[in-house]
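Dear colleague,

Please find below the structure that I am handing over to you. My account of what was found in it follows directly after.

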Amino acid sequence: MDHASTGQKALARIDAASDLDSVEKLRVEFLGKQGSISGLLKTLGAMSPEERQVEGPKIHALRESVTAALGARKEALEGAALEARLAAERIDLSLPAPQTPRGSVHPVSQVMDELAEIFADMGFAVATGPEIEDDWHNFTALNMPETHPARAMHDTFYFPDKDAEGREMLLRTHTSPVQIRSMLKQGAPLLIIAPGRVYRSDSDATHTPMFHQVEGLVIDKGIHLGHLKWTLETFLKAFFEREDIVLRLRPSYFPFTEPSVEVDVGFAIENGRRVLGGSGDAPGHGWMELLGSGMVNRKVIEFGGLDPDEWQGFAFGVGVDRLAMLKYGMDDLRAFFDGDVRWLQHYGFGALDVPTLSGGVGTPA
């Protein structure tokens, strides 16, 4: 049998195949179960040992050459098809990428990061403490006596159990206990902010049982109200990204500060939205109470393990949720805790919207 002639014809037909379907048909014709070359391999069993010794190598060589030719032709046709596809297809790289589902950062978390960025630039550290607190750190050490209204059951979430020292346990009503813990642990001088969740038994259109607060504490020598006013002005100008923030300090009372001041900020109504900036005494403007502050009471410094004749300080506190509402134009406090995905999609922040002082701590609304 002329295997060389058979092989030449097979290779010619393979080389002439114009598409992948043709190559597959030739593979079946030559190498399939009923293929011509497969049939030649089956005839080896009927040959004598002498004939098999002569014909066997020729048939196997034919099978290998056809197999290699089929593989090469298939690879060539696939490469040509890819080249044609690349030449025909065009991608407009100037078009915006399709939107993909993604999560978002809650406005409270974003504002917490903004506050940390601003105060870190002024030398403040971020301090944290437990949300389940004892009444000594939460009330007594902050100069709030047993008869203070904030200790009432209808104002505070108490636990039925007491701690090992017999003190009542509760959900902290402010982050001020962090100030006491920081003074006891770190001593003085001290510059900290204490952001976090706080809890009060209060729920109506403008209050929620759980909300967020940030407090600041400075303990050093020679501290006075001028330092407090400068710190608050610098903070609010950086946070609201306006240089025309004007403060008004009004005398007030807090048991943990003396003297104490309420801090008002000038604002105006623009397009139905309250916008901070300018003096509240200017035409079309008004004053809005924003936060409480004052010089740390001598008793609180003593409870913090420090000598009030040597160390002085100031403290302030403001609601993080309120800051977010004023800066980003939200008008309902309850929406912060509803978990409405549509609200988060509108007011949420991207994971890469990291606040920086150089780029501006805020994000375009």
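I begin with a pairing between strands: G266 stands opposite W287, a residue of strand β10. The model is a predicted one, and this pairing should be read in that light.

**The strands around β10**

Strand β8 covers residues 257-270, runs antiparallel to β10 and is joined to it by 10 bridges. Strand β10 itself spans residues 285-296 and is mostly covered, with 10 of its 12 residues buried. Strand β10 is also joined to β11, again in an antiparallel arrangement, here by 4 bridges. One residue pair in this second arrangement can be named: G294 has A315 of β11 as its bridge partner.

**F314 in strand β11**

Strand β11 comprises residues 312-319, and F314 is found in it. Is F314 buried or exposed? The relative accessible area of F314 is 2%, and a residue under 20% counts as buried, so F314 is buried. Leaving aside residues up to four places away in sequence, F314 touches G216, L217, V218, I223, H224, H227, L228, T231, G294, M295 and V296. G294, M295 and V296 among these belong to the range of strand β10, residues 285-296. A further relation concerns S293, which is 21 residues from F314 in sequence, while their C-alpha atoms are 7.4 Å apart in space.

**Helix α10**

Helix α10 takes in residues 320-328, and 8 of its 9 residues are buried, so the helix is largely enclosed by the rest of the structure. The buried residues are V320, D321, L323, A324, M325, L326, K327 and Y328. Just after α10 comes G329, with a positive phi of about 75 degrees.

**Backbone features to inspect**

Most residues other than glycine have a negative phi, and most peptide bonds are trans. The following places depart from that general pattern.

- The peptide bond from A188 to P189 is cis, with omega near 0 degrees; P189 is placed in the loop between α7 (176-186) and β5 (190-199).
- E258 and P259 are likewise joined by a cis peptide bond, with omega about 0 degrees, and P259 lies in strand β8.
- N143 is a residue other than glycine with a positive phi, near 65 degrees, and lies in the loop between α6 (135-138) and β3 (158-162).
- E241, also not a glycine, has a positive phi near 55 degrees. E241 is found in the loop between α8 (225-240) and β7 (247-254) and counts as partly exposed, at 44% relative accessibility.

**The chain as a whole**

The secondary structure comes to 11 helices and 11 strands. How does the radius of gyration of the chain stand against that of a compact globule of 365 residues? The chain has 39 Å, whereas such a globule would have a value near 21 Å. Along the principal axes, the C-alpha atoms fill a box of roughly 115 × 60 × 40 Å.

Of the 365 residues, 41% count as buried. The accessible surface comes to about 20300 Å², and carbon and sulfur atoms hold 54% of it. Among contacts with a separation of 6 or more, 65% are between residues 24 or more positions apart. As for charge, the chain has 36 positive and 53 negative side chains, and the centres of the two sets lie 7 Å apart.

With kind regards

Note on methods
Residues numbered from 1 in each chain as written. Predicted model: local features only at pLDDT ≥ 70, side-chain atom pairs only at ≥ 80, totals over all residues. Heavy atoms only, no water. Helix = DSSP H or I, 4+ residues; strand = E, 2+ residues; numbered from the N terminus. Rg over C-alpha atoms; globule rule 2.2 N^0.38 Å. Buried < 20%, exposed > 50% of the residue type's maximum accessible area, 1.4 Å probe, protein only. Contact = heavy atoms within 4.5 Å. Areas by Shrake-Rupley, 256 points an atom, 1.4 Å probe, with all protein chains shown as cover. Lys, Arg positive; Asp, Glu negative; His and termini not counted. Charge placed at Lys NZ, Arg CZ, Asp CG, Glu CD. Pairing = 2+ DSSP bridges.
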